[in-house]
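Student: I am new to this entry and would like to learn how its features are read. May we go through a few of them in turn?

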Amino acid sequence: MTINFQPFIKLRSEFLRVLAERGFIQQCTDLEALDHRLGTGIGTAYNGFDLTADSLHVGHLIPIMMLRWFQKTGHRPIALMGGATTRLGDPSFRDTSRPLLSEEQIAANLAGIRRIFERFLTFGGGPTDALMVNNADWLGSLKYLDFLRDVGPHFSVNRMLTSESVRQRLERKQSLSLLEFNYMVMQGYDFHVLAETHGCLLQLGGSDQWGNILSGVEFGRRAGGRTLFGLTAPLLTTASGAKMGKSASGAVWLNAVRLSPYEFWQFWRNTEDADVGRFMRLFTELPLDEIARLEALRGSEINVAKKVLADAVTRLCHGADAATQASETSRRMFEEGEAAAGLPTVTIKGDLLRQSLPLPDALVASRLARSKSEARRLITGGGVRVNSSNVSDESMRLTDTDMEEGVIRLSVGRKKHVLLRPEP
């Protein structure tokens, strides 16, 4: 039975109560049966993550937090790494095929992503300790003809064609390869394997995965006679309708190598007023009564709540020390006007400054502008500062003489700052 979440259902499972109270639940295959199962003992749930980059981004935080709450409420989470399915590409709500990666790239991406999960989950051998598994361990050894014979009869092409993600591609007359079409089968088979080997009963995911999750639940029933469950969270947009997880300079990565803790903190500090309470419920573990108090603040006082949000999310993702440093860096810059050492730093070749570096090139290299044309618009519009001086000449070139204490501070507006440092 597939149902939309009904908030008035009295839930006995602490996990489901937490998710309901914090706004995580959109759909569930059988909420009452799942509630009974999770309310009577330890359960196992998984969420899958393809390895398309060496870091996850803010868009992945909801499924990560769902796994975290699953563990915190006494259950065992599984983080499934898509070492095999990354080689196919998930067609869910994409207009084009995803670029294919080499095995070496996939392995490097897995190593980077594992470090992120170690911040959110406790791994080990205990009954509620998290597991990280890779579907390449079972999908990579399958024989094609055997797989078609054993698995193929349990999947209906008619039903697969009605999946929203597939249907949209077909309606737009956009190419959908056999490789991508197999993704739904692979994901369903993953659920089946995890149910057999780890007793996994629940798949979590975003609402764009609903069709894939239903296929896995149905395959578990047909192939193994198991009752499996699926639960999805809504795909998140900001109050203004923008897709969550993008900043002016690109994706908001969870890996500090790709995005500094300071820039990460600033992303949350710049949250729209209307999103503060919702984001606190989803992305922090702050008590609900405290969230209610903070989101009720009005006018300039809402900035207090935004700083609490930024501190809490950064602490979860990067640790307490990084959150404290990012918050202090921001305070020193905006309240005291100091150039703080905690700012994100971009290293460039020393000979670029000796030969003089065009300011638009420096803004692009520092990710303060996405293109040279955007950089030039920012400069001529008066939004750029070099060290503490406003610059309006787009032909300006940076040299060694612009360095102060070994760095050049570039700023766009009041909130975007980078330290440009030449290689030794």
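**Reading helices and residues**

Tutor: Certainly. Please bear in mind that this is a predicted model. In it, leaving aside neighbours within four places in sequence, H192 is in contact with F219, A223 and R226.

Student: In which helix is H192 found?

Tutor: H192 belongs to helix α10, which covers residues 183-198.

Student: Does H192 count as buried or exposed?

Tutor: Buried means under 20% relative accessible area. H192 has a relative accessibility of 10%, so H192 counts as buried.

Student: How should Q325 be read, and where does Q325 lie?

Tutor: Q325 lies in helix α16, residues 320-335. Partly exposed is the class between 20% and 50%. With a relative accessible area of 47%, Q325 is therefore partly exposed. The C-alpha atoms of Q325 and L343 are separated by 9.6 Å, and these residues are 18 apart along the chain.

Student: How are two packed helices described?

Tutor: One gives the angle between their axes and the distance between the axes. Here, helix α1 (residues 14-22) and helix α3 (residues 61-72) have axes that come within 9 Å and cross at roughly 140 degrees. Angles over 145 degrees would count as roughly antiparallel, so α1 and α3 are oblique to each other. The crossing of α1 past α3 is right-handed.

Student: Which residues of α1 and α3 make the contact?

Tutor: On α1 they are F15, V18, L19 and R22, and on α3 they are M66, W69 and F70. By class, this contact of α1 with α3 has six nonpolar residues, one charged residue and no polar residues.

Terms used: Residues are numbered from 1 along each chain as its sequence is written. This is a predicted model: local features need pLDDT of at least 70, side-chain atom pairs count only at pLDDT 80 or more; totals for chains, interfaces and linings use all residues. Side-chain values use heavy atoms; hydrogens and water are left out. Helices (H or I, at least four residues) and strands (E, at least two) are DSSP runs, numbered from the N terminus. Buried means under 20% relative accessible area, exposed over 50%, partly exposed in between (1.4 Å probe, protein chains only). Contact means heavy atoms within 4.5 Å. Axes are lines fitted to C-alpha atoms, for helices over the stretch in contact, and angles run from 0 to 180 degrees between N-to-C directions. Angles under 35 degrees count as roughly parallel, over 145 as roughly antiparallel, 65 to 115 as roughly perpendicular and the rest as oblique. A crossing is left-handed if the near helix is turned anticlockwise from the far one by less than a right angle, and right-handed if clockwise. Ala, Val, Leu, Ile, Met, Phe, Trp, Tyr, Cys and Pro count as nonpolar, Asp, Glu, Lys and Arg as charged, and the others, Gly among them, as polar.
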